[in-house]
Each structure stands twice: as structure tokens, then as C-alpha cells.
Amino acid sequence: TGADEEALRPVETALQLEPESAVVNMEAGFLMLRLNRPHDGQRLLLRSIELDGKQARPHYLLGVSFSQTGLPTLGRSHLEKAVELDSSYVDARYELGKNLAAAGEHAAAVEQFSAALKLAPDRADIRASRSTSQPE
């Protein structure tokens, strides 16, 4: 969007001023993903993880991005890491469930969807995904 494009200049400045900041690299990576620049976003998110591997969000963002750009196995590993780092990360569990379901691993997908629903019982999208992944 136009607002995202406008945000690019200060983010680039922040990267120049603080190239070793995991947070700045993560936010810049997220912005690049929003601007439909997945390779730039993935590179910045990987740098963020290099700088601070204990944050779940860059793993989550990479997991979603890799899954959407045809690298579901790599996406899964980052989503699993996000859940490992923060077991209450609802969106990471949801995306991991979607990744597993797409790979035909329905029992594992249902497990992730169920864990996400315990944390966010009002999420209709998660409930719907769990029902479609249930074995007949």
C-alpha cells in the first residue's frame, strides 16, 4: 500500500543506523514482505534471527513467507521453531497446522489447530481449518 511504501524510507534509514539490530531487521523484513518483495524480506528476517535467534516472530514470518513462495518444508521448520520459542503463539500454531494439512499430515494439523483454539477459542478460521482436517 502507499503507507507501506512511505514507511520504506525511514526503515532503510534505521537499517543504516542500526544494521546490527534484530528488531530493525525484523521490521524491515516484515515491511518487505508486505511490499511483495519476499526475497528481500526473507533475507532481512534471516539476518534478524542471526542477530537474535530467541524471537518467535521472525521465524513465524519466514515460515509463512517460505510456505507461500513454494518452500513449504523450509516454512514448516520456521513455524515449528516459532512454536518452540513461544508455545502460546496462536498464529504460528495456525499456520503450522495449515502447512501440515497441505502436506497431508492431518493428525498433526488437527493437533496444532486444537492447541491454537485452546488459546483463542473465538477464532472461527482456526475452527474451520480444524474441521476440514479431521479424518472422516
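This report looks at helix 5, at the packing of helix 4 with helix 6, and at one loop residue.

The model is predicted, so local features need pLDDT of at least 70 and side-chain atom pairs count only at pLDDT 80 or more, while totals for chains, interfaces and linings use all residues. Residues are numbered from 1 along each chain as its sequence is written, and side-chain values use heavy atoms, without hydrogens and water.

**Helix 5**

Helices here are DSSP runs (H or I, at least four residues), numbered from the N terminus. Helix 5 covers residues 72-85 and has 14 residues. From its first C-alpha to its last it reaches 20 Å, close to the 20 Å expected at 1.5 Å a residue. The expected span is 1.5 Å times one less than the number of residues.

Buried means under 20% relative accessible area, exposed over 50%, and partly exposed in between (1.4 Å probe, protein chains only). The buried residues of helix 5 are Gly75, Arg76, His78, Leu79, Ala82 and Val83. Their cover includes helix 3 (38-51), helix 4 (56-68), helix 6 (90-102) and helix 7 (106-119).

**Helix 4 against helix 6**

Two packed helices are described by the angle between their axes and the distance between the axes. Axes are lines fitted to C-alpha atoms, for helices over the stretch in contact, and angles run from 0 to 180 degrees between N-to-C directions. The axes of helix 4 and helix 6 come within 10 Å and cross at roughly 25°. The two helices are therefore roughly parallel to each other, a term for angles under 35 degrees.

Contact means heavy atoms within 4.5 Å. Helix 4 brings Tyr60, Val64 and Ser67 to the contact, and helix 6 brings Asp91, Ala92, Glu95 and Asn99.

**Two residues of helix 6**

Glu95 is found in helix 6, and so is Asn99. The table leaves out contacts up to four places away in sequence.

| Residue | Relative accessibility | Contacts |
|---|---|---|
| Glu95 | 17%, buried | Tyr60, Val64 and Leu79 |
| Asn99 | 7%, buried | Ser67, Pro72, Gly75, Arg76 and Leu79 |

Asn99 and Gly75 are 24 residues apart in sequence. In space, their C-alpha atoms are 7.9 Å apart.

**A loop residue**

Where is Asn36? Asn36 lies in the loop between helix 2 (22-34) and helix 3. Asn36 is exposed, with a relative accessible area of 65%. Its phi is near 60°, a positive value in a residue other than glycine. Most residues other than glycine have a negative phi.

Technical notes. Angles under 35 degrees count as roughly parallel, over 145 as roughly antiparallel, 65 to 115 as roughly perpendicular and the rest as oblique.
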